[in-house]
Amino acid sequence: MKNKTYYEILGVASHVGSGQIQAAYRFARSLYSGEATPTYGLLTADERDQMLALVEEAYAALSNPNVRRDYDIHLAAQGVRSHAQESAPPHPEPVPPERTRAARVPPAPDLSAAEPPSEPARVPEQVNGSVLKALRESRHLTIDQIAALSKVGSRFLKALEDDRHDALPGRVFARGFLIEYARALRVSDTELVERYLKHWTGK
Amino acid sequence: MRETDLTSEESRRFEVWAFGGGKGGTGKSALAASVGFQLSRLGKRVVLVDADFGGANLHTCLGVAAPARSLLDLVRAGGTVADEYAHATPYPNLRLIGGRVDEGAGGLPVGWAARLSTALRALPVDLVVLDLGAGVGPETVEVMNLADLKVMVSVPEPSSIENVVSLLRSLCLQRLVQRLPSNEVRRRLQAVQSGEAAMRVRSVGDMLREIEAVDPSLLGAARALIEEMAITLVTNQVRDDADRKFGAQTAAVVRRHFGLPMSYAGFVHHDDAVWRTLRRGKMFMVDASRSRAAEDIRRLARNLLQRADQSPVF
Ligand SMILES: Nc1ncnc2c1ncn2[C@@H]1O[C@H](COP(=O)(O)OP(=O)(O)O)[C@@H](O)[C@H]1O
Ligand SMILES: [Mg+2]
């Protein structure tokens with residue numbers, strides 16, 4: 001499972017909520033805990049143990065909102081594709097012993113003393129529509145996915161990204177949309193809002 | 001769910017399905033026959049094909065005699081017209097291209113698989129259901145690779161799923177060998193198919209690495225060839241809750257650890273009605289239509305038709 005993200009280890013997309021993380025964790029644990037028939041035929045006892053340890057590690061990180069946020073920033077910083085892509089080869093095969101932990105990108109954030117997120121994933125000093133778009137694309141999210149996450153209509157999100165401020169219902173609304181957008185991207189909402197609105201030209 | 005409510009898209013689409021899975025006795029023939037029968041009842045024109053060379057028994061699953069002309073007769077004759085080999089059964093919309101128990105597949109004419117594909121696709125029907133034999137012999141793999149939908153039948157036992165994975169591995173290797181335009185890649189993969197390199201190459205990721213070592217420009221094509229395969233798993237002879245979970249778990253492990261696209265179509269309970277009716281030369285779908293297995297088959301046929309994946313979504 002080298003190069004697998006925590007999301008891939010649990011078999012979830014990177015934007016899911018905590019309930020889904022937990023359900024995926026339970027399912028993954030059931031696969032490797034030795035109760036499941038198929039894994040007897042397909043994986044060795046060592047491979048099952050390795051996977052079980054990885055699943056626990058992934059869940060410990062992703063079930064903690066602060067750690068998860070930092071981890072997401074790591075992912076974005078490294079341009080890692082963080083969506084679980086179960087059906088798209090090439091696929092990691094059973095975990096090679098040893099190599100696993102060291103080779104997986106990105107490094108797991110330390111649970112006790114979370115390091116500050118690496119620079120590139122912070123909200124840039126200058127924020128306009130193109131920067132929003134770049135942030136979104138670095139997470140491999142579509143406008144529609146942001147819309148689903150943020151409950152903000154995709155035509156408003158598009159207007160934000162295109163800097164068509166007049167197409168938005170007003171500054172107050174734009175502010176609200178930006179907060180939601182920032183949360184969907186898991187970046188600081190205050191910084192994003194302040195920096196984007198600096199260049200506001202609309203009503 | 002009404003029995004007559006196929007959407008127009010569902011009834012129009014032509015497809016070839018293959019039921020396989022490597023191991024003998026898991027229920028490939030019973031499921032191929034009963035799913036084919038169910039879809040014929042829903043109004044699809046169906047031809048069942050016994051492609052278990054040497055172990056043909058699909059006719060007994062339908063309660064009919066072995067037909068005079070078999071699939072191997074068609075293949076050996078090198079014909080591309082299969083209609084006259086498709087014998088009527090007592091059931092409307094359902095015909096059978098059968099096999100004989102005494103015949104083996106040895107020495108098939110060159111190019112037989114492509115001609116068989118042409119012949120089956122020219123049949124004036126909506127669905128062709130192929131029933132495959134056990135093992136991962138080249139004929140079995142070749143026939144399975146002809147199918148638009150590959151249905152893997154497994155019972156909830158480790159040895160059965162090992163057979164499924166071994167068949168899947170052969171399917172992928174054969175597909176890549178046949179379709180990738182490079183003799184060198186072909187040689188490398190053929191060596192992997194049997195030789196000592198076999199141990200090294202378990203998953204699709206391993207296969208892609210072999211290809212990359214020879215010609216990285218073919219990686220994209222190789223990936224696409226694997227991804228476009230429609231493979232689904234059915235659990236047969238389910239007895240308890242652990243068995244009911246087997247299919248979704250297996251499909252997840254196959255996807256995550258072997259890199260193979262595999263969905264999960266559902267399960268069929270172990271049900272004495274299946275072999276009791278069979279023993280009397282009857283079909284459980286007709287003579288035990290209220291049985292648990294018959295109910296499961298109706299649900300399964302629907303899932304297969306709609307390509308509904310029963311895997312949990314997170
Ligand atoms: N769901 C089931 N419940 C009970 N018996 C079954 C079931 N499915 C298959 N069988 C029985 O198992 C035996 C093997 O089935 P068959 O379809 O011939 O397997 P295969 O084609 O995979 O070799 C047959 O006697 C069949 O009646
Ligand atoms: Mg059979």
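Select chain A and chain B together and look at the surface between them: in this predicted model, the area buried between the two chains is about 2,600 Å², and carbon and sulfur atoms give 65% of that area. If you then display the residues in contact, you should find 35 residues from chain A and 30 residues from chain B.

Next, pick out the side chains of E47(A) and R202(B), which meet in a salt bridge with an N to O distance of 3.5 Å; the count of salt bridges between chain A and chain B is one. Polar contacts between the two chains, with both residues at pLDDT 80 or more, come to three residue pairs.

Now colour the helices on the chain A side, where α1 (6–10), α2 (18–32), α3 (37–42) and α4 (45–62) of chain A each give two or more residues to the side that touches chain B. The largest share, eight residues, comes from α2(A). Coloured by class, this side of chain A shows 22 nonpolar, eight polar and five charged residues.

Move on to the interior and select I97(B) and M152(B), which touch the most other members of the largest nonpolar core, a set of 99 residues. Helix α7 of chain B, residues 158–179, supplies the largest share of this core, with 10 residues. Centre the view on I97(B) and, setting aside its neighbours within four places in sequence, look for its contacts, which include V47(B), L48(B), V49(B), Y85(B), L120(B) and L123(B), as well as D50(B) and S70(B).

Finally, select L6(B), L58(B), V268(B) and M283(B), which are among the 38 residues of another core, lying apart from the largest one.

Terms used
Residues are numbered from 1 along each chain as its sequence is written. Chains are lettered from A and ligands numbered from 1 in the order in which they are written. This is a predicted model: local features need pLDDT of at least 70, side-chain atom pairs count only at pLDDT 80 or more; totals for chains, interfaces and linings use all residues. Side-chain values use heavy atoms; hydrogens and water are left out. Contact means heavy atoms within 4.5 Å. Buried area is the accessible area (1.4 Å probe) that two parts lose on being put together, summed over both. A salt bridge is a side-chain nitrogen of Lys or Arg within 4 Å of a carboxyl oxygen of Asp or Glu. A polar contact is a pair of N or O atoms within 3.5 Å; within protein, one must be able to donate a hydrogen and the other to accept it, and residues adjacent in sequence count only if both atoms are side-chain atoms. Helices (H or I, at least four residues) and strands (E, at least two) are DSSP runs, numbered from the N terminus. Ala, Val, Leu, Ile, Met, Phe, Trp, Tyr, Cys and Pro count as nonpolar, Asp, Glu, Lys and Arg as charged, and the others, Gly among them, as polar. A nonpolar core is a set of buried Ala, Val, Leu, Ile, Met, Phe, Trp, Tyr and Cys residues joined through side-chain atoms within 4.5 Å. Buried means under 20% relative accessible area, exposed over 50%, partly exposed in between (1.4 Å probe, protein chains only).
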